[in-house]
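Grab a coffee and work through these exercises with the structure open beside you. Try each task before you read its solution.

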Amino acid sequence: MQQVRAVIARSKGAPVEIATINVPDPGPGEAVVKVLTCGVCHTDLHYREGGINDDFPFLLGHEASGIVESVGPDVTDVAPGDFVILNWRAVCGECRACKRGDLHYCFATHNAKQRMTLADGPDAGTELSPALGIGAFAEKTLVAAGQCTKVDPAARPAAVGLLGCGVMAGIGAAINTGQVTRGRSIAVIGCGGVGVAAIAGAALAGASPIIAVDIDAKKLEKARAMGATHTVDSSAVDPVEEIKRICAGTYAGAEGADVVVEAVGRPETWKQAFYARDLAGTVVLVGVPTPDMVVPDIPLIDVFGRGGALKSSWYGDCLPSRDFPMLVDLYQQGRLDLDAFVTEEIGIGDIEAAFERMHHGDVLRSVVVL
């Protein structure tokens, strides 16, 4: 066991704090990873606010890269010294989804069986709940070995670590869930980190037109830099009508986009996505709603009459062992600009300020460098 610094959320809504934690030696199927970088994701803020569950205290951070320091018995896929991206989908290979070949839907993903604990103060020994089973706002963390995906060690850690959550969620929402390809149109509502990643994914796939929708001019500018062919300021125009107009101008008779990705997670924007898709089009919800949100009334005849599919995207329906190395390779080739997602590099003590900048839409990603 060793002691390291880490960022925890001790109680609902309270500012995060730096604490000393105990990291156990890895047991069977586990690995200790020296964390190099970890992105500040909105999901971490959800944890701090009690929006995921109330299993406080939380060890925050999950969008990370690092070096495997040690592994436990029966670990064969990674070894000490490997450069890895951490993921929260360590497939079990045994559940009903895995057995039918849908590993990206694994219903029993692995986490470390041991818990990290607080090391000092009156709560010493208290078990921590690692965010998404990772807990990477820490100098070192204990994870299931299957949560470590080995990638090219020449890649920039701060950039490729973002594939651990937000960037993969967006790219996967477009390519894996939405199945956008050449000759298909796509609109993305909400151009934060995940939405802009969906645009980058659509550009990789050769989609056209690629329509970015937001109320923030800075976000729309970033979306265009990442591949959007058109931008829509939804504070100034009706985004549904504008998406329809753009698509009809490209494909005669089109009544909307083939795929509409909703990257906000709100009922009103989901309803816009529903009506902005073409006949037989697909809506992909990748924005995370809160439990109290309800979609406003939509006539059932509209659901039937428009056809197509209404989907949600879990982690971009990715399979880390397949997708991470491929996307890192595209990054190394200069075909996927992951560096553009890194707005700033910060220290472990700057996370609370990064949450505030996230609220104001000032960043795509703040990345903690440890």
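Partly exposed is the class between two cut-offs: under 20% relative accessible area a residue is buried, and over 50% it is exposed. Keep in mind that the model is a predicted one.

**Exercise 1. A salt bridge between sequence neighbours**

Task: Work out whether D323 and R322 are buried, partly exposed or exposed.

Solution:
- Start with the contact itself: the side chains of D323 and R322 form a salt bridge, with 2.7 Å from N to O.
- R322 has a relative accessibility of 43%, so this residue is partly exposed.
- D323 has a relative accessibility of 4%, so this one is buried.
- Salt bridges with shared partners also tie R10, E17 and D123 into one network.

**Exercise 2. The covered side of α10**

Task: Find which residues of α10 are buried, and where they sit around the helix axis.

Solution:
- First, get the helix's dimensions. α10 runs over residues 320–332, which is 13 residues, and spans 17 Å from first C-alpha to last, close to the expected 18 Å.
- Next, list what is buried: P320, D323, F324, L327, V328, L330 and Y331.
- These residues take up an arc of only 160° around the axis, so they lie on the same side of α10.
- Now look at what they pack against: strands β6 (83–86) and β10 (148–150), plus helices α3 (157–160), α4 (166–177) and α5 (193–205).
- Finally, step past the end of the helix. G334 follows α10 and has a positive phi, near 85°.

**Exercise 3. How covered is α5?**

Task: Say how many of the 13 residues of α5 are buried, and what covers them.

Solution:
- α5 has 13 residues and reaches 18 Å from its first C-alpha to its last, close to the 18 Å expected.
- Ten of those 13 residues are buried, so the helix is mostly covered by the under 20% cut-off.
- The buried set is G193, G195, V196, A197, A198, I199, A200, G201, A202 and A205.
- Their cover includes helices α4 and α6 (217–225), along with strands β11 (186–189), β12 (210–214) and β14 (257–262).
- Right after α5 comes G206, with a positive phi of about 85°.

**Exercise 4. A buried acid without a partner**

Task: Identify the nearest side chain of opposite charge to D44, and say how far away it is.

Solution:
- Place the residue: D44 is in helix α1, residues 42–48.
- D44 is buried but makes no salt bridge.
- The nearest side chain of opposite charge belongs to R365, at 7.4 Å. A salt bridge needs the nitrogen and oxygen within 4 Å, so this pair doesn't make the cut.
- Leaving out residues up to four places away in sequence, D44 touches G39, L60, G61, H62, A131, F137 and F355.

**Exercise 5. Two more salt bridges**

Task: Which two helices does the salt bridge between E352 and R48 link?

Solution:
- The model has a count of 16 salt bridges.
- In one of them, the side chains of E352 and R48 come to 2.1 Å, N to O. The pair links helix α11 (residues 351–359), home of E352, to helix α1, home of R48, and the two residues are 304 residues apart.
- R48 is buried because its relative accessibility is 10%, while E352 is partly exposed at 27%.
- Now try the salt bridge between the side chains of E268 and R266, at 2.7 Å from N to O. E268 is partly exposed, with a relative accessible area of 41%, and R266 is also partly exposed, at 39%.

**Exercise 6. Following β1 through the sheet**

Task: Determine the strand order of the five-stranded open sheet, and which strands form its edges.

Solution:
- The order is β7-β2-β1-β4-β8, and the pairing is mixed.
- The edges are β7 (117–118) and β8 (129–130), each of which pairs on one side only.
- Zoom in on β1 (residues 2–9) and β4 (residues 58–59): they run antiparallel and are joined by two bridges. I8 stands opposite L59 of β4.
- Q2 is in β1 too, and counts as partly exposed at 23% relative accessibility.
- Setting aside residues up to four places away in sequence, Q2 touches I21, N22, V23, V32, E69 and K140.
- For a sense of scale, the C-alpha atoms of Q2 and V288 are 35 Å apart, with their positions 286 residues apart along the chain.

Notes:
Residues are numbered from 1 along each chain as its sequence is written. This is a predicted model: local features need pLDDT of at least 70, side-chain atom pairs count only at pLDDT 80 or more; totals for chains, interfaces and linings use all residues. Side-chain values use heavy atoms; hydrogens and water are left out. Helices (H or I, at least four residues) and strands (E, at least two) are DSSP runs, numbered from the N terminus. The expected span of a helix is 1.5 Å times one less than its number of residues. Buried means under 20% relative accessible area, exposed over 50%, partly exposed in between (1.4 Å probe, protein chains only). The arc is that of the directions from the helix axis to the C-beta atoms. Contact means heavy atoms within 4.5 Å. Lys and Arg count as positive and Asp and Glu as negative; His and the chain ends are not counted. Two strands pair if DSSP finds at least two bridges between them.
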